[in-house]
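Here are my notes on this one, in the order I went through it. Have the viewer open while you read.

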Amino acid sequence: MALSASTTLPYDAATLTKTFTDEGFVRSISEHVGGSLVSLTVDGDTSGPFTLTAARQLPTDRLPDLAKKLVGSSLTVTQKEEWDAPAADGSRTASVDLSVGGVPLRVSAVQRLVVLAEGTRVDVEGSVSSSIPFLGDKIAKAAEPMIGKALTIQAAQAGKWIENN
């Protein structure tokens, strides 16, 4: 299943990068969706290439009943982002992989911070897949809108975080 999300924010890419890697921001996003941040590591200087890994504990109350039966009341989602160094104009690209503990569900995406005259456009494009025999497509279809919404929430909440911090 394909996913795609785009949000334009009135901030430069460096400010958004700083926000997306701030532990307080990542924690607030986790809590915004009813979960908690388990761990966050940033390997490398964010002014160049770096890797961010965040593990979150999330409730399954919004998942379809079929999925809840498989995973229980909560699950651990690990998000790994491999960021390239900024381009000459400040634009950035990250390869994003999400894995769900105990569930054969995988999200692979590319997130781009595209510099515009009025700020930065955050684009995310990727795919959701599940290797569960017979049920994988149904689970991926059910997960795709939720994952797309989560990625959109992150970008939208970044603006609020920047204004308040």
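Which residue stands opposite Arg 56 in β4? It is Val 77, and the points below work outward from that part of the sheet.

1. Ground rules. This is a predicted model, where local features need pLDDT of at least 70 and side-chain atom pairs count only at pLDDT 80 or more, while totals for chains, interfaces and linings use all residues. Numbering starts from 1 along each chain as its sequence is written, and side-chain values use heavy atoms, with hydrogens and water left out.

2. Overall layout. The protein chain has four helices and seven strands, taken as DSSP runs (helices H or I, at least four residues; strands E, at least two) and numbered from the N terminus. Along the sequence the order is β-α-α-β-β-α-β-β-β-β-α. Of its 165 residues, 41% count as buried (under 20% relative accessible area; exposed is over 50%, partly exposed in between; 1.4 Å probe, protein chains only). Among contacts with a separation of 6 or more, 51% are between residues 24 or more positions apart, a contact being heavy atoms within 4.5 Å.

3. β2, β3 and β4. Strand β2 (residues 36-43) runs antiparallel to β3, with seven bridges joining them; strands count as paired if DSSP finds at least two bridges. Leu 40 sits opposite Ala 54 in β3. The two strands make a hairpin with six residues between them, and Gly 44 in the turn has a positive phi of about 105°. On to β4: β3 pairs with β4 in the antiparallel sense over ten bridges. β3 is mostly covered, with seven of its ten residues buried.

4. The cavities. How many cavities of 30 Å³ or more does a search of the whole structure find? Two, and the largest holds about 70 Å³ of space. The elements giving two or more residues to its lining are α2 (23-32), β3 (50-59) and β4 (74-83). A cavity here is a set of points on a 1 Å grid over the protein atoms alone where a 1.4 Å probe fits but cannot get out, and lining residues have an atom within 4 Å of a point. Grid points are joined across faces, edges and corners, and the volume is the space filled by probe spheres set on the points.

5. What lines the largest cavity. The lining includes Phe 20, Phe 25, Ile 29, Ala 54, Arg 56, Gln 79 and Glu 81. By class it splits into six nonpolar, two polar and two charged residues (nonpolar: Ala, Val, Leu, Ile, Met, Phe, Trp, Tyr, Cys and Pro; charged: Asp, Glu, Lys and Arg; polar: the others, Gly among them).

6. β5 and its partners. β4 pairs antiparallel with β5 over seven bridges, and Gln 79 stands opposite Leu 98 in β5. Along β5 (residues 92-100), Arg 92, Ala 94, Val 96, Leu 98 and Val 100 point to one face and are buried, whereas Thr 93, Ser 95, Asp 97 and Ser 99 point to the other and are not. In a regular strand, side chains alternate between the two faces of the sheet. β5 also pairs antiparallel with β6 (residues 103-116), over nine bridges. That hairpin has two residues between its strands, and Gly 102 in the turn has a positive phi of about 80°.

7. One helix residue to click on. Arg 27 lies in helix α2. Why does Arg 27 count as partly exposed? Because its relative accessibility is 32%. The C-alpha atoms of Arg 27 and Leu 37 are 5.3 Å apart, with the two residues ten apart along the chain.

Technical notes
On a 1 Å grid over the protein atoms alone, a cavity is a set of points where a 1.4 Å probe fits but cannot get out, and a pocket is an open set with protein on both sides within 12 Å along at least five of seven lines; lining residues have an atom within 4 Å of a point.
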